[in-house]
Amino acid sequence: MTNDSHQNLVEVRRSSGEKEWMTREKLEALNKQRALKRGKSEKPIKQSTSKKTKWTTISIWLNALLLIALLMILLYLPIDSGF
C-alpha cells in the first residue's frame with residue numbers, strides 16, 4: 001500500500017472486541033447504515049409506547065370509576081342488609 005492509502009485506514013473495534021482496519025469511506029457508509037437502522041427501529045417503539053400509555057390511562061380511569069361506584073354502594077347500603 002502507498003502512504004496515502006495508509007492514511008485513509010482507520011482501526012475499528014467490532015462488537016466482538018476484535019480489531020480490524022477499514023477505509024474511512026467504508027466506516028462512514030457503515031455508520032450511515034447503522035443510523036438508518038436505528039431510525040427505523042425507534043419509530044415503532046415510540047408508537048407502541050404511546051399506545052401503552054393510552055391504554056394505561058384508560059385502565060386507571062376505569063378502575064377509578066369502579067372504585068367510586070363500589071364506595072357509593074357501600075356508603076349508601078343500609079347497615080342491616082348484607083350481600
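## Confidence, a salt bridge and a nonpolar patch

In this predicted model, helix H1 (residues 3-7) has the lowest mean pLDDT among the elements of the protein chain, at 63, while strand S2 (residues 19-23) has the highest, at 91. Here pLDDT is the predictor's confidence in each residue, from 0 to 100, and helices (H or I, at least four residues) and strands (E, at least two) are DSSP runs numbered from the N terminus. The chain as a whole has a mean pLDDT of 82, with 78% of its residues at 70 or more.

Residues are numbered from 1 along each chain as its sequence is written. Local features need pLDDT of at least 70 and side-chain atom pairs 80 or more, whereas totals for chains, interfaces and linings use all residues, and side-chain values use heavy atoms, without hydrogens and water.

Now to the side chains. The structure holds one salt bridge, meaning a side-chain nitrogen of Lys or Arg within 4 Å of a carboxyl oxygen of Asp or Glu. Arg 14 and Glu 20 form it, at 3.2 Å from N to O.

Three residues in this report are partly exposed, between buried (under 20% relative accessible area) and exposed (over 50%), with a 1.4 Å probe and protein chains only:

| Residue | Relative accessible area |
|---|---|
| Arg 14 | 33% |
| Glu 20 | 25% |
| Leu 71 | 42% |

Leu 71 lies in helix H2 (residues 24-76). The charged end of Lys 54 sits over the ring of Trp 55, 5.9 Å from the ring centre; this label asks for NZ of Lys or CZ of Arg within 6 Å of the centre and within 35 degrees of the ring normal.
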